[in-house]
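Reader: I'd like a close look at one part of this protein, please. Walk me through it the way you would at the bench, residue by residue where that helps.

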Amino acid sequence: MERGGGPQRARAEQPQQIPRWPVSADRTRGDGRLAYGAFVKAAVHARYGPPEVVQIAEVDEPVAGDGDVLVKVHATTVNRTDCAYRAARPFFMRLLTGLTRPRRKILGTEFAGVVEAVGSGVASFAVGDRVFGYNEGRFGTHAEYLSVPESGMIATMPADADFREAAAGTEGAHYALSAIRTSRITAGQDVLVYGATGAIGSAAVQLLKSMNVTVTAVCDTANLQLVRDLGPHRVIDYTTQDFTADEQRYDLVLDAVGKSTFGRCRRLLKPGGLYMSSDLGPGWQNIPLSLFTPLLRGKRVKFGAPTQNKEMVEHLRGLMESGQFRPVIDRRYPLDQIVEAYRYVETGQKIGNVVIDVAPHP
């Protein structure tokens, strides 16, 4: 769903000459087969830093290796995950991405597009299939073409979804679903979602509702109607009411924006209730709290790692097809203006998802 009756697009800019990203002179694999196709457009970065480290360049087109699917990307997103990897914050992320410089030059985690080719042994997809998915770790979705393993987080698109909606359907939603599954919340229990307008929070409200959980959502005045449309049982406006002073008690408080703490929200929990956050918290406190609060056999903190597998993306496809989950889309930018998209996401004011149009859309 798109908010405000339509997208807010960045202002048009004069076209600029696209640089060619340095590539190896040897464009073959060790066995002599072609390792790359033609040159294609992508958003690349050679160092960590602010949005301005990203530039549009021509890069080698990937090819589908054995067991891989080559996707012509129609839409992708810029999200908190992309921003964290681009800036290497927290610093320990460099252990995964490269200590001094990023190993993966093309970022991007979410994608939707059309299968262009399949590698040897691929049976689940065929040329022409409309697909979507999530590719954290390998990245590469901020480009015109992407090669992903058939066994990864890739599935055929929901029947009635367009490319933009499908592209926005995995990052926030898989974090939300992972947290919900880790919490073991069941039908009839009470959950408060703080930050219900973000990609994670807006997904969490809908996923919990689909499970017949009683949901209280917290947001600001400007977005009350948008959040009500997501279907929670109650909505709290944090600009007029301190949500931590709420009289209701909850089995789970889910901080979907990482701006609260266990200390502030503890009084909201029922005996044995659970606090979860999408962030490590001040001083990374949620890690030690998740280790020792369970020992006290009372109100607890849990900090679960997100699950990334094919079952996850197929489950989200089913929820989208049934109408129980629809990603909220805030703004759209063309790939050429991805730096502006990064800047906007980092204001902390985005609602739902920011989509990047890679291929032309009507």
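Which residues of H4 are buried?

Author: Bear in mind that we're looking at a predicted model here. The buried residues of H4 are Glu171, Gly172, Ala173, His174, Ala176, Leu177, Ser178, Ala179, Ile180 and Ser183. That makes ten of the 13 residues, so H4 is largely enclosed by the rest of the structure. "Buried" here means under 20% relative accessible area.

How about the length of H4? At 1.5 Å a residue, its 13 residues should span 18 Å, and the end C-alpha atoms are 19 Å apart, which agrees. Just after the helix comes Arg184, with a positive phi of about 60°.

H4 also leads us to another helix, H1. H4 (171-183) is part of what covers the buried residues of H1, and the cover also includes strand E4 (68-78), helix H2 (94-97), strand E6 (130-134) and helix H10 (338-345). H1 runs over residues 80-87, and six of its eight residues are buried, so H1 too is largely enclosed by the rest of the structure. Those six are Thr81, Asp82, Cys83, Tyr85, Arg86 and Ala87.

Have a look at the two ends of H1 as well. At the N-terminal end, Asn79 acts as a cap, with a side-chain oxygen 3.1 Å from the backbone nitrogen of Thr81. Just after H1, Ala88 takes a positive phi of about 55°.

H10, one of the elements covering H1, has a role in a bigger motif: together with E15 and E16, H10 makes a right-handed β-α-β unit. The two strands, E15 (residues 329-334) and E16 (residues 353-357), pair in the parallel sense over five bridges. If you want a spot to zoom in on, Arg331 stands opposite Val354 in E16.

One last stop is Glu150, in the loop between strand E7 (145-149) and strand E8 (153-156). Glu150 is buried, with a relative accessible area of 15%. Its side chain reaches two backbone nitrogens: that of Ala123 at 3.0 Å and that of Ser124 at 2.7 Å. Leaving aside residues up to four places away in sequence, Glu150 touches Gly67, Asp68, Val69, Gly121, Val122, Ala123, Ser124, Phe125 and Lys310. Asp68 ties this back to H1, since Glu150 touches Asp68 and E4 (68-78) is among the elements that cover the buried residues of H1. As for Gly121, it sits 29 residues from Glu150 along the chain, with their C-alpha atoms separated by 9.3 Å.

Notes: Residues are numbered from 1 along each chain as its sequence is written. This is a predicted model: local features need pLDDT of at least 70, side-chain atom pairs count only at pLDDT 80 or more; totals for chains, interfaces and linings use all residues. Side-chain values use heavy atoms; hydrogens and water are left out. Buried means under 20% relative accessible area, exposed over 50%, partly exposed in between (1.4 Å probe, protein chains only). Helices (H or I, at least four residues) and strands (E, at least two) are DSSP runs, numbered from the N terminus. Contact means heavy atoms within 4.5 Å. A polar contact is a pair of N or O atoms within 3.5 Å; within protein, one must be able to donate a hydrogen and the other to accept it, and residues adjacent in sequence count only if both atoms are side-chain atoms. Two strands pair if DSSP finds at least two bridges between them. A crossover is right-handed if, with the strands pointing away from the viewer, the path from the first strand over the helix to the second runs clockwise. The expected span of a helix is 1.5 Å times one less than its number of residues.
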